[in-house]
Every structure is written in C-alpha cells, then in structure tokens.
Amino acid sequence: GRKNHEEIRKLQNLSDVSVIPSRNEPFGLVVIEGTACGHPVIATNAGGIPGILNTDNKDISNKSKLYKTPLGILVPPLPERPLKLNDEQKDKLDEYITEYCIVDEDKKSDIINEISENLKLEPSEIKEYIDRYMKTVNGISDGVEGIALGKIKFDNDKIANYTEEHYSQDIIRNKIIGIFD
C-alpha cells in the first residue's frame, strides 16, 4: 500500500538492492529512490528505466540478456500480456504465472492447460509468454545472486553520489522547468 516518504526511505535503506520488475515505468522515480539509498537497482530494460540506470549511454538494444550499469542491472523486460485479454483476465494470467514459477516441474503442464482452457489462449502462445517471462525472472534471480555472492560488485558510495548529483529534487525540478521554458 501507499507509504509516506519517510517510511519509504526507512524501508529502502534496509535493503542491499532494489528490484523493480516493471513492464513499463515511464519515468522511474522508484529507481531513483533506490539509487539514492546508495544501493544497486535490478530493473527491467523497459520504459524510462534504462535512461536512468544506463549512465554510460551504451547501446543496450539487445534486451534479451543481463546488462550491468554503474547504478545497477538491467534485465530483459517482462512480456506484454496478450491484448485480447481484458484486465481481469490479465490479472488471472499473472496469478497463473506466479503459480507456474513455484510449482514442481510435473505440475507445470497442468497450469499451461488451465490457462489455455480458462483464458482461451493457445498452448504455443502460453509457452512463448512463459519463456519470455522466465527470462526476466531468471535475470532478476541471477542479479540478486551475483550481488549477494559478491560476483557482481557495485560501489554504493558512487551510486549515492551520482544520484545526488544527477537526480536530486532540485535538479529534476529545474530540468522539468527547463522543458516548459
């Protein structure tokens, strides 16, 4: 639920990493909140997120693999849910996929069949969706594991300093005012 800024700051400062599995984060304030706490952010390579994390401005057009930036890790974006589904069906698909991620291997085909039957999607479409979804999940998992085990290292002070220098409220406000001027 909604939290005030002080609660958000306290919660984020308890973390060693922020994970943002967004389909499309237009601006990415939550990304800046994470980096402002001085820890790396693992987020999907979608929407405005790469513009914040990709401080080197390198070509990251290959969105199918993990990409380390100075402020965090970009992972493949979550797939768009089929357009033919209404919002309620999209929510149901999310529930099925969550279940798919945690069930034993021998139950996965049952979930695919259930999705096909209840949401009227072709099994091949479901498998392709799950395949793309799992690239995101695996990217997040690999990123968290790499950071936790020290295989992927970040300079947390540099993350905090870069964020303060480039994304402080005053700087963002002035950039926005500059756009309207």
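**Notebook: helix packing and nonpolar cores**

I began with helix 7 (residues 156-167) and helix 8 (residues 169-180), whose axes come within 6 Å and cross at roughly 35 degrees; axes are lines fitted to C-alpha atoms, for helices over the stretch in contact, and angles run from 0 to 180 degrees between N-to-C directions. Helices are DSSP runs of H or I with at least four residues, and strands are E runs of at least two, numbered from the N terminus.

I noted that this is a predicted model, in which local features need pLDDT of at least 70 and side-chain atom pairs count only at pLDDT 80 or more, while totals for chains, interfaces and linings use all residues. Residues are numbered from 1 along each chain as its sequence is written, and side-chain values use heavy atoms, with hydrogens and water left out.

Next I looked up helix 4 (residues 87-102) and helix 5 (residues 108-119), which pack at an angle of about 170 degrees with their axes 9 Å apart. That makes helix 4 roughly antiparallel to helix 5 (angles over 145 degrees count as such). Among the residues that meet here (heavy atoms within 4.5 Å) are Leu93 and Tyr96 in helix 4 and Ile111 and Ile115 in helix 5.

Then I turned to the largest nonpolar core, which has 22 residues, with Ile42, Ile73 and Ile147 among those with the most contacts inside it. A core is a set of buried (under 20% relative accessible area, 1.4 Å probe, protein chains only) Ala, Val, Leu, Ile, Met, Phe, Trp, Tyr and Cys residues joined through side-chain atoms within 4.5 Å. I also found a second, separate core of 15 residues, which includes Leu78, Ile115, Leu121 and Ile130.

Finally, leaving aside neighbours within four places in sequence, I listed the contacts of Ile147 as Val17, Pro40, Ile42, Ile73, Ile152 and Phe154.

Terms used: Parallel < 35°, antiparallel > 145°, perpendicular 65-115°, else oblique. Buried < 20%, exposed > 50% of the residue type's maximum accessible area, 1.4 Å probe, protein only.
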